[in-house]
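Q: Hi! I have a structure open here and I'd like to talk it through with you. Could we go step by step?

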Amino acid sequence: MTSHVPNEARVIPLRPRAERPEARPTASRPTASRPTVSPVPPERRPPTVREPLWRDLVGDVLRRERLEQERTLKEVAEAARISMPYLSEVERGRKEASSEVLAAAAGALGLGLGDLLARAQGELVRLTSRHTGAGAGRGTPGTRFDGMCLAA
């Protein structure tokens with residue numbers, strides 16, 4: 001006995017599809033106009049601040065720790081069993097390293113993966129609070145965001 005399951009994924013759009021003007025019938029358009037939404041004047045817009053990238057933060061923490069220990073890139077790469085050019089690119093934020101690579105690099109520096117990520121998260125909080133004001137986080141104004149969210 002077999003069950004037939006169609007090889008199709010159910011797609012739920014995040015935004016409704018915009019209709020093309022020529023696809024809409026002209027007779028069914030309502031005659032009342034929609035209220036116009038005025039754009040926010042430039043002086044009232046929040047400043048555009050580039051969020052720091054996670055790979056930059058993690059790379060900065062790795063490099064800072066390596067330099068504090070006065071170790072060369074070659075020493076740490078050999079101890080972590082990863083290539084020196086790859087570790088260099090991770091430190092410079094050019095590569096998005098896997099958790100395995102990050103754990104190996106952190107371990108070679110005497111850190112756990114949690115220590116590395118906690119330091120990067122602290123750096124993220126420090127950098128973003130500089131731009132948003134002390135204690136301000138995501139969500140409603142005046143709330144604090146103390147969580148860490150990683151997405152792959």
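Q: Which residue follows α4, and what is its phi like?
A: That is G110, and its phi is positive, near 85°. Helices here are DSSP runs of H or I with at least four residues, strands are runs of E with at least two, and both are numbered from the N terminus.

Q: Before I go on, what kind of model is this?
A: It is a predicted model, where local features need pLDDT of at least 70 and side-chain atom pairs count only at pLDDT 80 or more, while totals for chains, interfaces and linings use all residues. Residues are numbered from 1 along each chain as its sequence is written, and side-chain values use heavy atoms, with hydrogens and water left out.

Q: Cool. How many helices and strands does the protein have?
A: Five helices and zero strands. Along the sequence that reads α-α-α-α-α.

Q: What share of the residues is buried?
A: Of the 152 residues, 20% are buried. Buried means under 20% relative accessible area, exposed means over 50%, and partly exposed is in between, using a 1.4 Å probe and protein chains only.

Q: And how much surface does the protein expose?
A: About 12500 Å², with carbon and sulfur atoms supplying 54% of that. The areas come from the Shrake-Rupley method with a 1.4 Å probe, and for residues only the protein chains shown count as cover.

Q: Back to α4. Which of its residues are buried?
A: Helix α4 spans residues 99–108, and its buried residues are V101, L102, A105, A106 and A108. Looking down the axis of α4, these fall within an arc of 160°, so they line one face of the helix. The arc is taken from the directions from the helix axis to the C-beta atoms.

Q: What about α2, which residues are buried there?
A: In α2 they are L73, V76, A77 and A80. Viewed down the axis of α2, the buried residues lie within an arc of 100°, so they too line one face of the helix.

Q: Which helices do those buried residues pack against?
A: The buried residues of α2 pack against α1, α3 and α4. Contact here means heavy atoms within 4.5 Å.

Q: And what comes just after α2?
A: R81, which takes a positive phi of about 60°.

Q: New topic: how many residues are in the largest nonpolar core?
A: It has 22 residues, and those with the most contacts inside it are V58, L62, I82, L87, L102 and L116. The helices that give two or more residues to this core are α1 (54–68), α2 (73–80), α3 (84–91), α4 and α5 (113–132). The largest share, five residues, comes from α4. A nonpolar core is a set of buried Ala, Val, Leu, Ile, Met, Phe, Trp, Tyr and Cys residues joined through side-chain atoms within 4.5 Å.

Q: Why would residues like that end up together?
A: In soluble globular proteins, nonpolar side chains tend to be buried together.

Q: What does I82 touch?
A: Leaving out residues up to four places away in sequence, I82 touches A77, L87, V101 and A105.

Q: Now the charged ones. How many salt bridges are there?
A: The count comes to six. A salt bridge is a side-chain nitrogen of Lys or Arg within 4 Å of a carboxyl oxygen of Asp or Glu.

Q: Which residue does E91 pair with?
A: E91 forms a salt bridge with R66, and their closest N and O atoms are 2.8 Å apart. This pair links distant parts of the chain, with E91 in helix α3 and R66 in helix α1, 25 residues apart.

Q: Is R66 buried or exposed?
A: R66 counts as buried because its relative accessibility is 8%. E91 counts as buried as well, at 3%.

Q: What about E123 and R126, where do they lie?
A: Both are in helix α5, three residues apart, about one turn of the helix. Their side chains meet in a salt bridge at 2.4 Å, N to O. E123 is buried, with a relative accessible area of 13%, whereas R126 counts as partly exposed at 42%.

Q: Last one: which residues do shared salt-bridge partners join into a network?
A: R63, R66 and E91 are joined into one network.
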